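Reader: Could you walk me through this structure, with the reasoning behind each label you use?

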Amino acid sequence: MSTEIPARFADTSSWSYHIGNDYYRELSRQSELLREDWPESTSDELSRATSFLTREARLIDEGRFNDWLELFTDDCLYWVPVTPGGGEPTVEVSHAFDDRRRLTDRVYWLRTGLAFCQIPASRTRRVIGNVETTVDPSTGDLLVRSNVVVHEFRAGVTKAYPGWYGHVLRSSSDGWRIRLKQVNLLDSDQLHENLTLVF
Amino acid sequence: MTLQHDAVAGRPAAVRPDLHALVRDDRVHRTLYTDQEIFAEEMVKIFGGRSWVYLAHESQLPEPNSFLSVRMGLRPVIVTRDRAGVLHAVFNRCSHRGATLCREQSGVAKSFQCPYHGWTFRNTGELVGTPWPQGYGEDFDRTEFGLHKVSRVESYRGFVFATLNESAPALTDWLGPATGWLDYWIDRAPGGEVLVRSGVHRMGYRGNWKLAYDNAGDGYHPAFSHRSLLEMASRMGESKDMAYFGRSPDEGPMRTYMLGNGHSVIDQRPNYDGPGSFWANQRPQPGRERVEEYIRAEYGADADRLLDLCVGSQINLSIFPNLLIIGNQIQVVEPLAVDSTQLSWHATSIGGVPPEINTIRMRTQEDFPAFGEPDDQANFEEVQRGLAAPEAEWVFANRGLNVPGWQEVGPDGVVSSTATDELHMRHYYATWLDLMTSGGAR
Ligand code: FES
Ligand SMILES: [Fe+2]
């Protein structure tokens with residue numbers, strides 16, 4: 001069920017009319033799907049999904065956040081829950097719950113050169129594996145699940161963030177776009193220092 | 001040999017410098033942030049031995065026999081409700097050989113059985129039994145082996161505090177004028193119903209716990225430390241929310257109030273006027289446009305009041321030593337080591353409003369800390385690094401000191417000043433010194 005978005009709110013990097021109860025319901029449906037057992041992936045789907053994730057990972061690790069932002073749909077969500085598995089975002093806070101506007105803000109913020117928590121900036125490298133894919137029967141979107149370890153070096157300290165990604169990819173005229181990226185940190189509800197790197 | 005002889009003869013123990021020399025009118029000594037022994041003493045005296053400390057919010061213990069694991073300084077503590085609903089706090093430390101009993105964050109339990117040798121304790125602390133009691137002599141008296149109880153546990157309108165100091169003042173006396181500010185914050189929620197069950201941002205930094213307390217009452221730093229946030233907020237034009245910290249804040253109407261016993265508050269509300277003003281000045285959060293349309297259509301004249309509740313309280317209330325009320329969040333300062341601290345930002349929801357209001361509250365409680373607190377914590381860490389230089393001894397808190405016209409005494413005796421005055425630090429360090437030296441039983 002999609003909401004009629006008034007024309008003046010069409011630019012979702014500036015407006016956020018589309019996040020309502022129906023959006024949260026759809027998110028919870030997708031998030032549940034991402035945790036279900038899936039049939040074995042076809043090798044074609046798997047290799048295309050893997051190369052998409054690899055390219056996305058490289059854009060982040062090279063700090064090309066504007067290019068990374070271009071990978072997302074207008075109604076996207078970059079979501080890093082606090083509650084393991086996702087929890088209930090209508091009544092719980094997340095580390096990141098970024099619609100297109102907030103994600104644009106985040107990238108803008110990282111690039112102001114004034115965010116002291118990112119001076120010096122995080123250097124990251126991530127390794128992705130255990131990729132699985134399936135098709136969302138109700139939307140035709142591609143669901144991708146993978147394990148990830150993000151290694152970070154900043155201000156003299158090296159850290160590792162293990163967890164898993166759930167991606168919902170929608171095909172567009174020029175390839176896939178990210179409708180949802182759910183980042184599930186293994187210790188999402190525990191103590192973290194300076195969680196300002198991009199996952 | 002000589003060394004050993006001296007040791008046996010008993011050289012005088014190294015005398016710690018008098019703390020009075022380390023806390024001056026305009027400055028404090030760097031060792032208050034770096035010295036292990038001072039830290040160890042703070043954890044005993046400031047965090048419960050003499051002072052009241054904040055432990056939990058009652059909504060985290062929703063039913064009879066609820067429990068919650070917390071820390072009181074470095075002491076592991078279980079806060080419990082007994083079957084009648086009365087609050088208790090016991091050390092999470094088995095009276096047999098010391099293991100923690102409760103290893104869950106929260107839950108419901110009438111009793112706790114130690115996983116090591118199976119001693120079982122009621123949730124009020126009494127020892128119920130030991131496995132194979134015949135192994136203890138006739139004179140074994142169970143009543144002597146209960147859990148160590150925190151002697152005083154009191155709640156102020158849902159905020160649970162505790163102390164081990166029998167002669168500490170009543171909680172409301174310790175809080176003093178801070179109760180009025182807590183009342184304002186609580187009463188924003190219809191019926192005063194605040195729920196602390198919406199997730200926690202557990203943020204850590206490699207620095208002393210007082211760096212967070214210094215900062216909580218500091219109206220001087222936002223224009224600098226939060227430049228990235230202020231800059232981000234102007235991406236879509238006019239800068240919103242905390243922008244008033246960026247314009248010469250001393251000329252503005254914001255004030256900081258000293259509430260006694262180390263408590264203080266910065267009142268940002270004078271930057272706003274009338275119902276709907278908090279909402280109008282809020283940086284836009286996910287779903288804002290939709291919720292505003294819905295609330296205005298459904299609630300008409302009441303919409304401004306409801307929408308304002310999505311936004312923070314516009315006060316920063318610091319209750320010494322470990323409770324910081326900021327926006328809609330309850331922030332708890334949890335020291336881990338002299339140079340390591342956890343700041344737990346507990347998100348809150350409220351009763352008596354449509355669910356959409358609470359959902360936007362979640363989104364606003366992500367925006368800050370996410371885009372603000374890490375910059376402060378990076379600065380705390382860099383302070384800790386800077387303080388490694390022993391020859392540069394002092395940390396200054398002299399802004400506003402002896403500046404004519406800044407401090408005023410209100411009719412209630414509360415001293416206030418412009419928000420960039422470092423009065424907050426000078427004020428709480430007086431309490432700190434008192435608790436660390438003679439006082440605490442006032
Ligand atoms: S340490 Fe608890 S029963 Fe032995
Ligand atoms: Fe700050």
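Author: Let us start at a turn. In the hairpin of β4(A) and β5(A), A:A155 takes a positive phi near 50°, and two residues lie between the strands. Please keep in mind that this is a predicted model.

Reader: How do you know that β4(A) and β5(A) pair?

Author: A pairing needs at least two bridges between the strands. β4(A) and β5(A), residues 157–172 of chain A, have 13 bridges, in the antiparallel sense, so they count as paired. One of the positions is A:F153, whose bridge partner in β5(A) is A:T158.

Reader: What makes β3(A) a partner of β4(A)?

Author: The reasoning is the same, with at least two bridges required. β3(A), residues 123–135, and β4(A), residues 142–154, are antiparallel and share eleven bridges, so they pair too. A:G129 stands opposite A:N147 in β4(A). The hairpin of β3(A) and β4(A) has six residues between the strands, and A:G140 there has a positive phi near 80°.

Reader: What makes the phi of A:N130 worth a remark?

Author: A:N130 has a positive phi, near 50°, in a residue other than glycine. A:N130 is found within strand β3 of chain A.

Reader: Which strands does β14(B) pair with?

Author: β14(B) is joined to β15(B), residues 263–267, by five antiparallel bridges. Four bridges, also antiparallel, join β14(B) to β23(B), residues 415–418. Each count meets the requirement of at least two bridges, so both are pairings. B:M258 has B:S264 as its bridge partner in β15(B), while B:T256 stands opposite B:S417 in β23(B). The hairpin of β14(B) and β15(B) has two residues between the strands, and B:N261 in the turn has a positive phi of about 50°.

Reader: How do you know that the peptide bond from A:I119 to A:P120 is cis?

Author: Its omega is near 0°. A:P120 lies in the loop between α4 and β3 of chain A. Chain B has a cis peptide bond joining B:F320 and B:P321, with omega about 0°. B:P321 sits in the loop between β16 and β17 of chain B.

Reader: Why is the ring pair of B:Y54 and B:F159 called tilted?

Author: The ring centres are 5.9 Å apart, and the limit for a pair is 6.5 Å. The planes meet at 50°; stacked needs under 30 degrees and edge-to-face over 60, so the pair is tilted. B:Y54 is in β2 and B:F159 in β11 of chain B, 105 residues apart, and the pair links distant parts of the chain. The count over all chains comes to 30 aromatic pairs.

Reader: Why is the contact of B:R235 with A:D105 called a salt bridge?

Author: Side chains of opposite charge can pair when their charged atoms come close. The closest N and O atoms of B:R235 and A:D105 are 2.6 Å apart, within the 4 Å limit for an Arg nitrogen and an Asp oxygen, so the label holds. This salt bridge crosses between chains, from the loop between α9 and β14 of chain B to helix α4 of chain A. B:E289 and A:R101 form a salt bridge as well, with their closest N and O atoms 2.8 Å apart. Five salt bridges are found across the interface of chain B and chain A, and 38 over all chains.

Reader: How much area do chain B and chain A bury between them?

Author: About 3900 Å², of which 53% is on carbon and sulfur atoms. B:R235, B:E289 and B:R290 supply 18% of the area that chain B buries against chain A, more than any other three residues. Each chain brings 45 residues to the contact, and 30 residue pairs are in polar contact across the interface. On the chain B side, α13(B) gives the most, with nine residues. By class, that side has 16 nonpolar, 13 polar and 16 charged residues.

Reader: What makes β7 of chain A and β13(B) a pair of strands?

Author: Two bridges join β7, residues 192–193 of chain A, to β13(B). The requirement is at least two, so the pairing qualifies. These strands run parallel, and A:E193 has B:G204 as its bridge partner in β13(B).

Methods: Residues numbered from 1 in each chain as written. Chains lettered and ligands numbered in written order. Predicted model: local features only at pLDDT ≥ 70, side-chain atom pairs only at ≥ 80, totals over all residues. Heavy atoms only, no water. Contact = heavy atoms within 4.5 Å. Buried area = accessible area lost by both parts, 1.4 Å probe. Salt bridge = Lys/Arg side-chain N within 4 Å of Asp/Glu carboxyl O. Polar contact = N/O pair within 3.5 Å; in protein donor to acceptor, adjacent residues only side chain to side chain. Nonpolar A, V, L, I, M, F, W, Y, C, P; charged D, E, K, R; others polar. Phe/Tyr/Trp six-rings, centres within 6.5 Å; stacked < 30°, edge-to-face > 60°.
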